2 protein chains.
Amino acid sequence: MGLLIVGSIGLDDIETPFDKIEGALGGSTTYIALAASYFTGPVSIVGVVGDDFSKDHIKMLEDHNIDHEGLQIVEGGKTFRYGCRYHYDLNTRDSLFTDLNVFESFNPIIPDKNKKASFVILGNIAPKLQTSVLEQLDNPKFIVCDTMNFWINGALDDLKKVLGRVNVLIINDSEARLLSKEPNLIKAAKIISDMGPKYLIIKKGEHGALLFGENQVFSAPAYPMENIFDPTGAGDAFAGGFTGYLHKNMELSFENLKRAVIYGSIMASFCVEKFSTKGLENLSYLEIKNRFVEFRELSSFD
Amino acid sequence: MGLLIVGSIGLDDIETPFDKIEGALGGSTTYIALAASYFTGPVSIVGVVGDDFSKDHIKMLEDHNIDHEGLQIVEGGKTFRYGCRYHYDLNTRDSLFTDLNVFESFNPIIPDKNKKASFVILGNIAPKLQTSVLEQLDNPKFIVCDTMNFWINGALDDLKKVLGRVNVLIINDSEARLLSKEPNLIKAAKIISDMGPKYLIIKKGEHGALLFGENQVFSAPAYPMENIFDPTGAGDAFAGGFTGYLHKNMELSFENLKRAVIYGSIMASFCVEKFSTKGLENLSYLEIKNRFVEFRELSSFD
C-alpha cells in the first residue's frame, strides 16, 4: 500500500555562481524521497550505490523514515558521480563529467514487501528499466513517471511503452516540445496525452507548471524566488511533493491534483534555496503549509 | 477626465507560418485604443499618419468610440510602415523593413480638450516624446508607460526621467532583464521599482504576467491558446485592457490592479486569435466576461 520510488542515487560535484560543493548527496530518488517524506511514510526506495556511499547519507534517509531495503550496495563498486557548472542565470548548466560507475549496470530489484506498493514514482532512468519495475509490481494504483531528452531522443519506442501504462507524466517544457514535435505547449499536451498518460504535468521552471487532464488545464504559478542557490533536484522535489501529497490523502480528483501540483512546486522552491539536498532535510510541516498559503495569495483574484 | 493614448500608428506587412497580410492596420496606439474601448469611452488618441491612411481605418476607430482629434494627418506624407516575418514557433520574428515615414518627425501635440485627461498611456515611442506628452498635460492621475529594448539601449537617461513620473511600467521579461541588468525577475523588479514606477508589470508571453507593487506580487496565468495566428499587438492590447478596465471603475487598489492584469491578458488573448487588429474589432462584453471566468478557473485552487 506504500509509495515506492525507483531512480538514480549518486554523488554530485556542483558549481554555481555562489558556491561549490563536492561529493554532495544527489540523484533523482534521493530528492523525490526526501520531498515525499514530509507528506507520507515510510517511503521506500530502490537504487544502487557503491560501498563508498557514506553511512551518514543512509542515516539521514532513515531519519526521514525512508525505507532503503531496496538500496543495493555493491561491494568494491563506486557510486554514480556527476559534475556540473551552472551559468550566471542558473537556467542552464554544463555537464563536467558523468561517471556512471555501479549505476551503469543497475537492475532494479523490488523487494517482496514493496511489490504491493499502491503508488510508484519512476524516476528518470532508462525506459526499459522503468518497464522492468512495473513488471515486478502487483497492479499499482497510481504510477508517476519522469523522463528526459536523452531517452526521448535515444529510446523513444521503449518510452512510449512506459507512457501507455502510467497515470502521470511529469516533464519540463523543452522535453514536452521534443516529445510531441510541437512548439505550442497546449497542442503538445494533447499529443502527449494521446500517448497514454491520463495526466500530464509540464514544468516551466521560473514560470510555474501546467497540469493537463480530464479536458481541463490548471496553471500553477512559480514561487517568486530572489535567491536560488542550486537548481539541482528541483524537478525531482516537485515529483516527490506532488506524489507524496496524493499518497497521503488518496484522493485522485482533478481538484486534488491541482493542490498536489502546488505542493510539488513548494517542495521544489525549498529545494533550490540551499545546496544539494540540504533544502529538503530540515523542514517543518508548518513551513510547508505557510508556503501553500503564500502560493494562493500569489495567484488569487476575484 | 478621459483616457488618452499616445504612440505609433502604422501599416504592417505581416507574415506568419499560417498566412500573410500587407498594409494591415497596426501601431501601438491602435491596439491599445481598441482594447481599451471595450471598457471605457471615448478613448482619445494622439498620433501621426500620412494622407495614404485609409478612411476605412478612421471609420473603424470611430465605430469603437475612439476620439481622433489628436491624429495628425500629414498632407503628401506616407504612413509609418513595418514588415516582419514570424518564425515557426511564433515566439520570435525578423523585422523585414521599417519605413518611419511621417513617424520620423512625430511631435505629439495634445489637443486642448485632452489636456485634462486623468489616465494616460504612453505607448512605445522615444522617451523624449513621452516626456513632451507629460509636459503638455494638466496633472494626470494615472500614467501607464511602455518601452522597448531600443530605448533601454539607446536612450536610457531619457527613459529614467520618464520612469520617475509614471505610475505603471509595462514591459516584457527580456526588457526587464535588460533594464535592470539582473537575470532574476524578482530582483529585477525591485531594481526597476526603485527607478520610480509604483507598479511594474512584467509580461512573459505564453507564461502569463507578473504584477509587482506595494510589496506584493501577483502571478497571472496565460490563457492556454492552441491557435495563435498573429502575436502582433498583444502587448499593446494588454496595456489597453489593463488601463481601460482601471479607467472604467477608477479604483486603484492592488486587488483591482490584479483584476486589471487579467483583463489585459484577456485582450491580448483575443488579439492574437486573428490577424492584425481583427481580433479586437468585434468583441462583445459578454465574451470578455466569460474569458475572465475561464482565467479564474484556470488558476484557482483551495
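Modeller: Two strands pair if DSSP finds at least two bridges between them; strands (E, at least two residues) and helices (H or I, at least four) are DSSP runs, numbered from the N terminus. This is a predicted model, where local features need pLDDT of at least 70 and side-chain atom pairs count only at pLDDT 80 or more, while totals for chains, interfaces and linings use all residues. Residues are numbered from 1 along each chain as its sequence is written, and chains are lettered from A and ligands numbered from 1 in the order in which they are written.

Biologist: Thanks! Which residue in strand 7 of chain B does R85(B) stand opposite?

Modeller: Strand 6 of chain B (residues 81-86) pairs with strand 7 of chain B in the antiparallel sense, over six bridges. In strand 7 of chain B, the residue opposite R85(B) is D94(B).

Biologist: Which strands of chain B stand at the edges?

Modeller: Four strands of chain B form an open sheet with mixed pairing and the order 3-2-6-7. Each edge strand has a single partner strand, so one side of it is left without a neighbour in the sheet; the two are strand 3 (20-26) and strand 7 (93-99) of chain B.

Biologist: What does the twist average from one strand to the next?

Modeller: For such angles, axes are lines fitted to C-alpha atoms (for helices over the stretch in contact), and values run from 0 to 180 degrees between N-to-C directions. From one strand to the next, the twist averages 20 degrees.

Biologist: Now the helices! Is helix 3 of chain B roughly parallel or roughly perpendicular to helix 5 of chain B?

Modeller: Helix 3 (residues 127-136) and helix 5 (residues 156-163) of chain B pack with their axes 8 Å apart, at an angle of about 30 degrees. Angles under 35 degrees count as roughly parallel, over 145 as roughly antiparallel, 65 to 115 as roughly perpendicular and the rest as oblique. Helix 3 of chain B is therefore, relative to helix 5 of chain B, roughly parallel.

Biologist: And how are helix 9 of chain A and helix 10 of chain A placed to each other?

Modeller: Their axes in chain A lie 10 Å apart, at an angle of about 115 degrees. Helix 9 of chain A and helix 10 of chain A are therefore roughly perpendicular.

Biologist: Which residues of helix 10 of chain A make the contact?

Modeller: Residues are in contact if their C-beta atoms, placed from the backbone, lie within 7 Å. Helix 9 of chain A brings I262(A), S265(A), I266(A) and S269(A), and helix 10 of chain A brings I288(A), R291(A), F292(A) and F295(A).

Biologist: How are the two copies related?

Modeller: Copies are superposed by least squares on the C-alpha atoms of residues with pLDDT of at least 70 in both. Chain A falls on chain B with an RMSD of 0.0 Å after a rotation of 180 degrees, with 0.0 Å of shift along the axis. The copies are thus related as by a two-fold rotation axis.

Biologist: Which elements of chain A each supply at least two residues of the side that touches chain B?

Modeller: The contact joins 24 residues of chain A to 24 residues of chain B. The elements of chain A that each supply at least two are helix 7 (185-193), strand 13 (216-220), helix 9 (254-271) and helix 10 (285-299).

Biologist: Lastly, where is the place of P42(A)?

Modeller: P42(A) is joined to G41(A) by a cis peptide bond, with omega of about -5 degrees. In chain A, P42(A) sits in the loop between helix 1 (28-37) and strand 4 (43-50).

Conventions: Contact = placed C-beta atoms within 7 Å.
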